Amino acid sequence: MNNALLKVEEIDAFYGDFQAVQQASFAVGDKEIVSVIGTNGAGKTTLMKVIGGTLAARGGKVRFEDTDITGWPPHKIVDLGISQVPEGGKVFGRMSVKDNLIMGSYTAKARRGARAALERVYELFPMLKEKADQDAGSLSGGQRQMVAIGRALMSNPRLVFFDEISLGLAPTVIKDIYARIKQLNREGITIILVEQDVKRSLRTCETAYVMLKGKVVLSGKSTDLTEESVSRAYFGM
Ligand SMILES: Nc1ncnc2c1ncn2[C@@H]1O[C@H](COP(=O)(O)OP(=O)(O)OP(=O)(O)O)[C@@H](O)[C@H]1O
Ligand SMILES: [Mg+2]
């Protein structure tokens with residue numbers, strides 16, 4: 001892909017001596033929805049950590065438009081326009097919903113746009129405005145995920161990656177959250193969906209990458225991939 005917004009090239013990532021990601025490459029077009037599919041331990045989160053700057057790769061490159069962001073610190077990556085909804089939501093339970101959201105605009109650049117960003121988040125999730133002063137810990141799992149999504153939007157990102165956003169949520173809540181993700185995409189935000197659910201991923205994304213044991217083993221347009229071929233790659237069959 002020539003006009004990729006994000007390009008990940010031949011990433012090697014380790015925890016000590018253990019190699020969790022091996023020569024992983026993928027590309028995300030501007031305003032696209034891409035999914036990274038893989039079973040437990042496939043290396044999805046590790047790859048997202050490398051993109052977000054919280055884990056240094058031992059090899060490979062990450063490019064955002066024309067900028068080589070390999071090894072950049074997280075706050076600079078956020079300022080450039082990449083934001084993440086981490087695995088498990090991870091809200092601060094004893095802080096108010098509003099303060100959780102404000103945490104998402106911690107960089108100097110984001111702080112300047114925080115007021116408008118907060119209004120936009122409240123428009124997207126009116127429930128968060130209603131519960132703005134409540135402790136985030138008092139919310140349901142689905143509502144906490146909405147706080148996590150809202151927080152990621154507070155820096156006015158161009159690209160957001162969602163790490164297993166649907167884990168542990170009821171089907172109706174998942175459907176609702178996916179509808180919001182598609183809405184964000186229509187508003188111009190590029191999306192990376194990290195998922196274990198093959199069916200839902202293929203239904204939502206334009207391009208899919210399947211990871212197995214640290215490697216990207218299959219990729220293609222979701223319309224060209226069958227559920228069977230993805231499932232086989234997913235389980236390494
Ligand atoms: N902090 C860590 N220290 C050591 N090994 C780790 C660490 N985090 C992950 N690993 C290992 O790296 C491999 C990839 O893990 P990773 O979390 O990236 O997988 P994943 O695809 O996100 O899985 P899941 O779907 O369960 O979240 C696994 O074998 C895991 O045990
Ligand atoms: Mg993970």
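## Exercises on a predicted model

The residues Val230, Ala233 and Tyr234 are buried in helix H10 (residues 227-235); buried means under 20% relative accessible area, exposed over 50%, and partly exposed in between (1.4 Å probe, protein chains only). Helices (H or I, at least four residues) and strands (E, at least two) are DSSP runs, numbered from the N terminus. The model is predicted: local features need pLDDT of at least 70, side-chain atom pairs count only at pLDDT 80 or more, and totals for chains, interfaces and linings use all residues. Residues are numbered from 1 along each chain as its sequence is written, chains are lettered from A and ligands numbered from 1 in the order in which they are written, and side-chain values use heavy atoms, with hydrogens and water left out.

### Exercise 1. Helix H10

Determine how the buried residues of H10 are arranged about its axis, and state what covers them.

Step 1. Viewed down the axis of H10, the buried residues fall within an arc of 105°, so they line one face of the helix. The arc is that of the directions from the helix axis to the C-beta atoms.

Step 2. Glu228 and Phe235, on the other side of H10, are exposed.

Step 3. The cover over the buried residues includes strand S3 (33-37), helix H9 (198-204), strand S9 (207-212) and strand S10 (215-221). Contact here means heavy atoms within 4.5 Å.

Step 4. After H10 comes Gly236, with a positive phi near 70°.

### Exercise 2. The sheet

Establish the strand order of the open sheet and identify its edge strands.

Step 1. The order of the six strands is S6-S7-S8-S3-S9-S10, with mixed pairing. Two strands pair if DSSP finds at least two bridges between them.

Step 2. S6 and S10 are the edge strands, each pairing on one side only.

Step 3. From one strand to the next, the twist averages 15°. Axes are lines fitted to C-alpha atoms, for helices over the stretch in contact, and angles run from 0 to 180 degrees between N-to-C directions.

Step 4. Helix H8 (residues 171-186) packs on this sheet and touches S3, strand S7 (159-163) and strand S8 (190-195). The direction of H8 makes about 150° with that of S8.

Step 5. S9 and S10 run antiparallel and are joined by six bridges. Met211 has Val216 in S10 as its bridge partner.

### Exercise 3. Strand S8

Explain why S8 counts as largely enclosed, and describe how it pairs with S3 and S7.

Step 1. Six of the six residues of S8 are buried, so the strand is largely enclosed by the rest of the structure.

Step 2. In a regular strand the side chains alternate between the two faces of the sheet. In S8, Thr190, Ile192 and Val194 point one way, while Ile191, Leu193 and Glu195 point the other way.

Step 3. S3 and S8 run parallel, joined by five bridges, and Ile33 stands opposite Ile191. The pairing of S7 with S8 is also parallel, over five bridges, with Phe162 and Leu193 as bridge partners.

Step 4. Thr190 counts as buried because its relative accessibility is 0%. Beyond four places in sequence, the residues touched by Thr190 include Leu5, Val28, Asp30, Arg158 and Val160.

### Exercise 4. The nonpolar cores

Name the residues of the largest nonpolar core that touch the most other members.

Step 1. A nonpolar core is a set of buried Ala, Val, Leu, Ile, Met, Phe, Trp, Tyr and Cys residues joined through side-chain atoms within 4.5 Å.

Step 2. The largest core has 46 residues, of which Leu101, Leu128, Ile149 and Phe162 touch the most other members.

Step 3. Apart from this core lies another of 30 residues, among them Ala4, Phe26, Ala42 and Met48.

Step 4. Leaving aside neighbours within four places in sequence, the contacts of Leu128 include Val97, Leu101, Tyr122 and Met146.

### Exercise 5. The magnesium ion

Which protein donors does the magnesium ion (ligand 2) have, and where in the chain do they lie?

Step 1. The donors are Thr45 (OG1) and Glu87 (OE), 1.9 to 2.4 Å from the ion. Donors are N, O and S atoms within 2.8 Å of the metal (3.2 Å for Na, K and Ca); water is not among the atoms, so sites may look incomplete.

Step 2. Thr45 belongs to helix H1 (residues 44-52), and Glu87 to the loop between strand S6 (82-85) and helix H3 (97-103). The two are 42 residues apart and link distant parts of the chain.

Step 3. Glu87 counts as partly exposed because its relative accessibility is 31%.
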